[in-house]
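This report describes charged side chains and their contacts, together with the domain layout of one chain. The structure follows.

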Amino acid sequence: MARIVGIDLGTTNSLVAYMDKGVPRVIPGADGRTMVPSVVAMTDHGLLVGDEAKDHLLRSPDRTVYSIKRFMGKSLADVQGELAYFPYTLTEQGGVIRIKLNGKTYSPPQISAMILKELKRRAEAYLEEDITKAVITVPAYFNDSQRQATKDAGLIAGLEVLRIINEPTAASLAYGLQEKTQGTIAVYDFGGGTFDISILKLKQGIFEVLATNGDTHLGGDDIDRRIADLLLDEIRSAYDLDLGLYPDHMQALRLEAERAKIRLSDELKTLLTVELPDGRGRFTRELTRDQLESLVADIIERTLAPCRSALKDAGLTTEHIDEVVLVGGSTRMPLVRRRVQELFGKQPHCHLNPDEVVALGAAVQADILSGGTTDMLLLDVTPLSLGIETMGGVMSCLIPRNTTIPANAKEMFTTYADGQTGVDIHILQGERELAKDNRSLARFRLKVPPLPAGVPRIEVTFLIDANGILHVTAKDMRTGRQQSIEVKPSYGLSETEVERMIEESFKFAKEDVASRKLIEARLDAGSLLTATEKSLSEGGHLVPDDVRTAVRAAVSALASAKEGDDVRAIRTRMAELEQTAKPLSVALMDDSLKRGLEGKKLSDVT
Amino acid sequence: MNQPTPSGGSRNVQMARSMCWHCQSEVAGEYFCERCVKVQPVSKETDYFTCLGLPRRLTIDPAVLEAKYYERSRAFHPDFYLNKTEAEQAISLDNAATLNTAYRTLRDPVQRAEYLLDLEAGSVKTIRTSPPADLFEEILELQDTLDAYRAGDHSSETGRRLRARLEAERGALERRQAEMEDELQKLFVEWDALQDRGEADGHARMERDRLLRRMREILSNRTYVKNIVNDLVETIG
């Protein structure tokens, strides 16, 4: 079976990992760094992803997308409150957010796909093989739409997503593999944009999730914003200046806030500096760790209620927890560690690199799926209750939250009027009583044969697969015939739309690959030309005239091919030049050998 | 939208003897065909006890149940079928989903008993599901007191008097809950013993009906008591 890689598609940073002889490893880039900033920039010279794109946050903020994960599977209304924080233009189409960049619109899965492609490329370069299969992690508290959007992103990137796995459970796999612990653990995963808590039982290689809870809109981003807002207010009152009107300065402020937060995990105070627009100088301010902690205490506090709920759902108290594992960059904050320790009454475990542990766990899960690891098995749960809307707009629960997946539920439907030919079904996810307070996942119309009321019996099966994604099938109990259902997702791309995006992405991929090959060929041709010119000037006199002439001709042929777009022509001319210049390089080699020997003789004499 | 009707369907006891979907050799409730080693779908007629390889008893050692569940999860989980055919993947998915439901149902003693009562339905269909008159009266009265307490001033003389009464009631109801749990446990043991003896005479049949009836009664009363206790806890802490 082809290799499956594990991908942590994070709000702030993304990583790709693989299993190397039973040990999960994160794949570094050419610069040796393992994290790819989840930033995408559409520049005039093409698409940039990662560190290079991050540089564009300040230069072209309106064309540089970050924290795209916050928009996955969401409608515009869902993120209304934070639109002001993002410098790029957001619209909505078919219940899906679209981002306007360079006059084109992109859906969040398309932007995420660009990050995934970069990771794919990175893995391919490192492992020297094609990568087409992946396990991708998502926050445990992601709903069906958000999971589906992540899967779509994988498809658009040319990856078969063999499993969507929850981030805290992925972390537990890496933790379990390394520490070989048995018992009950709590994984506290506080990342850039999301918070998750999962309670697991580890026993004989089985990782059984007992309960999970979280907030998919709570993370380090919110802490950065709090700091940025403080400075924004201070700048406003000191200079009568609204920095919010300057997107590039806003980005600089946001990044400075993030850096200050990170510094304050190690230091007790730090200096923040923000350049002001229109030559108005710079604003500096000292921030102490104490100040930061009182500024964001309520944000950290918001992570504790989900922890209590998860414990309650698992039927446990904090005394039952043997170990608390910290995951995600935000857990580096001393305040977070303190609050977690207070809640659980024990020192949290932080021997694992909180940035890498999720990707490592995804690699472990990938290895389980490919049949490499056979002694470990993850039994995960669905984070939210699944139900349907019934009479009076009430949600009737079919699969309660924290049910182990795969899980299914069957419901029998019938008609209330004679000759009725359809029943409308509205699928919901959430914990509230009323349908309108829960997340609408999809609607579909069940086809029913025209019969007297109450006679038709259609059995609908709702199945949540091991990815936490819902599948719906229907069966006419009278005929035993299976009915295909076209489910229209409320907040997702339709199948045809995803297909179109995959096609587009393949087209771009071909162009991408072609242009990369051209760039490489030109670079190679350039260094060959330089080397040959050097050889000619150093050893031209060592070869006959006709060889020199032939080499000169081959050089000019390659130089003109290099100006063109034909990769094969460049490569052919390069091969010809190498062939023609062989006598020259042989002569040079002989000459240098001779000199070397002469030199030795000379030194022997003296 | 129509009110969905709960799925019924007969839950039969006997294990289906059937043919392997792949090589057509005979399989008798095994999970894997002996000849072609293909995974077999858990039959719709298989009850949750059989699914987990346990006898149909009400007293179950949680450690044994968990061990069985883990063992079967290793056999069925879709994670281990990614290299297999689509048909096998579909079976693994369905089996794993059924196994998870079976485990969830049997893990909780009350759900386990409810499930068994459903399985044994027929002889106990006529059991009344409304609470006995005395319990009903008591709950109604308590509801009134609760309403009065909620609406009134908690610090007033009446408020304090009502609270004291509610606290006393809560204590009494919690004791009653404990008694019910105890009796349920005893009934479980009696039921299991009856099953173990395996007698099929008239006396055994009567005994069986009596036990089922009593369990049904306690289970439904237990729900009423539980709900009112929850209300009490919510109001007076």
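## Domains and charged contacts

The domain assignment divides chain A into domain 1 (4-218 + 302-379), domain 2 (220-299), domain 3 (384-493) and domain 4 (497-605). The coordinates discussed here belong to a predicted model. Between the C-alpha centres of domain 1 of chain A and domain 4 of chain A there is a distance of 44 Å.

Salt bridges come next. Over all chains, a search of the whole structure finds 60 salt bridges. The table lists individual pairs, including two that involve B:Arg56.

| Pair | Closest N to O distance |
|---|---|
| A:Glu129 and A:Arg3 | 2.9 Å |
| B:Arg56 and B:Asp47 | 3.4 Å |
| B:Glu120 and B:Arg56 | 3.1 Å |

In chain A, the salt bridge between A:Glu129 and A:Arg3 links distant parts of the chain, the two residues being 126 residues apart. A:Glu129 is found in the loop between α2 (108-127) and β11 (133-138) of chain A, while A:Arg3 belongs to the segment before β1 (4-9) of chain A. A:Glu129 is partly exposed because its relative accessibility is 29%, a value between the limits of 20% and 50%. A:Arg3 likewise counts as partly exposed, with a relative accessibility of 29%.

In chain B, B:Arg56 forms salt bridges with B:Asp47 and with B:Glu120. B:Glu120 lies in the loop between α4 (109-119) and α5 (133-151) of chain B, and B:Arg56 in the loop between α1 (48-51) and α2 (62-76) of chain B; the pair therefore ties together parts that are 64 residues apart in sequence. Are these residues buried or exposed? B:Arg56 and B:Asp47 are both buried. For B:Arg56 the relative accessible area is 13%, and B:Glu120 counts as buried at 10% relative accessibility. Both values fall under the 20% limit for a buried residue.

Chain A also holds a network of salt bridges, in which A:Arg70, A:Glu82, A:Asp221, A:Asp222 and A:Arg225 are linked.

Charged residues of chain A also form a surface patch. Which residues make up the negative surface patch? The patch consists of A:Glu486, A:Glu495, A:Glu499 and A:Glu503. One of these, A:Glu486, is located in the loop between β29 (481-483) and β30 (488-489) of chain A. A:Glu486 is exposed because its relative accessible area is 76%, which is over the 50% limit.

Technical notes: Residues numbered from 1 in each chain as written. Chains lettered and ligands numbered in written order. Predicted model: local features only at pLDDT ≥ 70, side-chain atom pairs only at ≥ 80, totals over all residues. Heavy atoms only, no water. Domains from an automatic or database assignment. Patch = residues over 30% accessible without salt bridge, like charges linked within 9 Å, V, L, I, M, F, W, Y side chains within 5 Å. Areas by Shrake-Rupley, 256 points an atom, 1.4 Å probe, with all protein chains shown as cover. Salt bridge = Lys/Arg side-chain N within 4 Å of Asp/Glu carboxyl O. Lys, Arg positive; Asp, Glu negative; His and termini not counted. Charge placed at Lys NZ, Arg CZ, Asp CG, Glu CD. Helix = DSSP H or I, 4+ residues; strand = E, 2+ residues; numbered from the N terminus. Buried < 20%, exposed > 50% of the residue type's maximum accessible area, 1.4 Å probe, protein only.
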